[in-house]
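Colleague: I would like to learn how to read a chain like this one. Please take me through it feature by feature.

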Amino acid sequence: MNFKRLKSFTLIEVLVAASILTVGLVSVAGTFSVGIKYSSNTKQEAMAAGIMQETMESALSAGYGGIDAGIGSRVRFSENSSSPFYNFETQTDVSYVDGNLNDVAVDSGLKKIKVSVFWNNSGTEKKKKRLH
């Protein structure tokens, strides 16, 4: 009898190939989890920027006389607990400044507005601020 040797993979070749495939799949899964985390952070940053813009426009629309100088208190942006903006807080600080934008104690005809937005991300407080 004439037996032909069958061409096939050895057990070691199969185990090495399975190990390489497993390492590759675990790496890809790790990349997806990091991407999802950064996507969530980016979404919250974009929401904070929108809140900041709206708060700044509201302050500017009040006019020079309608904006009192002082440190504002932190205010929840939305009181509706089902709103996606519920976890965001804003703080608007207004100070008098001179021509070089240095803080001064008396009204020199110029005011600086600083809007800060606060939110929690995975237990860590984040802050974004803008001056105008």
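Modeller: Start with burial. Buried means under 20% relative accessible area, exposed means over 50%, and partly exposed covers what lies in between. This is a predicted model. Of the 132 residues of the chain, 20% count as buried.

Colleague: What is the order of helices and strands along the sequence?

Modeller: The pattern reads α-β-β-β-β-β. That gives 1 helix and 5 strands. The radius of gyration is 29 Å, well over the 14 Å that the globule rule gives for 132 residues, so the chain is more spread out than a compact globule. The C-alpha trace spans about 110 × 40 × 25 Å along its principal axes.

Colleague: What span should helix α1 have, and what does the model show?

Modeller: Use the rise of a helix, 1.5 Å a residue. Helix α1 runs over residues 11-61, which is 51 residues, so it should span 75 Å. Its end C-alpha atoms are 75 Å apart, which agrees.

Colleague: Which residues of α1 are buried?

Modeller: Gln44, Met47, Ala48, Ile51, Met52, Thr55, Met56 and Ala59. Take Gln44 in helix α1. Its relative accessibility is 18%, so Gln44 counts as buried. Beyond four places in sequence, Gln44 touches Phe88, Trp119, Asn120 and Asn121.

Colleague: Now a strand residue. Where does Thr90 lie, and is Thr90 buried or exposed?

Modeller: Thr90 lies in strand β2, residues 89-97. Thr90 is buried, with a relative accessible area of 9%.

Colleague: Which residues does Thr90 touch?

Modeller: A contact here means heavy atoms within 4.5 Å. Leave out residues up to four places away in sequence, and Thr90 touches Ile51, Thr55, Ser73, Arg74, Val75, Phe77, Ser116 and Val117. Two of those names should be familiar: Ile51 and Thr55 are among the buried residues of α1. For a pair far apart in sequence, take Thr90 and Val115. They are 25 residues apart along the chain, and their C-alpha atoms are separated by 7.0 Å.

Colleague: What share of the contacts is long-range in the chain as a whole?

Modeller: Count contacts with a separation of 6 or more. Residues 24 or more positions apart account for 42% of them.

Colleague: Next, the loop between α1 and β1. Which residues does Arg74 contact there?

Modeller: Arg74 lies in that loop. Leaving aside neighbours within four places, Arg74 is in contact with Glu89, Thr90, Gln91, Phe118 and Glu125. Arg74 is partly exposed, at 36% relative accessible area.

Colleague: How far apart are Arg74 and Ser27?

Modeller: Sequence separation alone does not settle distance, so check each pair. Arg74 and Ser27 are 47 residues apart along the chain, and their C-alpha atoms are separated by 42 Å. Tyr64 and Lys111 are also 47 residues apart, but their C-alpha atoms are separated by 7.9 Å.

Colleague: Where is Tyr64, and what does Tyr64 contact?

Modeller: Tyr64 is in the loop between α1 and β1, with β1 at 75-76. Beyond four places in sequence, Tyr64 is in contact with Tyr96, Asp107, Gly109, Leu110 and Lys111. Tyr64 is partly exposed, with a relative accessible area of 37%.

Colleague: How should I read phi?

Modeller: Most residues other than glycine have a negative phi. Leu101 has a positive value, near 65 degrees, and is not glycine. Leu101 sits in the loop between β2 and β3, with β3 at 103-104. Leu101 is exposed, with a relative accessible area of 58%. Gly63, just after α1, takes a positive phi of about 85 degrees.

Colleague: Last, surface and charge. How many positive and negative side chains are there?

Modeller: The chain has 15 positive and 12 negative side chains. The centres of the two sets lie 17 Å apart. The accessible surface comes to about 9900 Å², and 59% of it belongs to carbon and sulfur atoms.

Terms used:
Residues numbered from 1 in each chain as written. Predicted model: local features only at pLDDT ≥ 70, side-chain atom pairs only at ≥ 80, totals over all residues. Heavy atoms only, no water. Helix = DSSP H or I, 4+ residues; strand = E, 2+ residues; numbered from the N terminus. Rg over C-alpha atoms; globule rule 2.2 N^0.38 Å. Buried < 20%, exposed > 50% of the residue type's maximum accessible area, 1.4 Å probe, protein only. Areas by Shrake-Rupley, 256 points an atom, 1.4 Å probe, with all protein chains shown as cover. Lys, Arg positive; Asp, Glu negative; His and termini not counted. Charge placed at Lys NZ, Arg CZ, Asp CG, Glu CD. Expected span 1.5 Å × (residues − 1).
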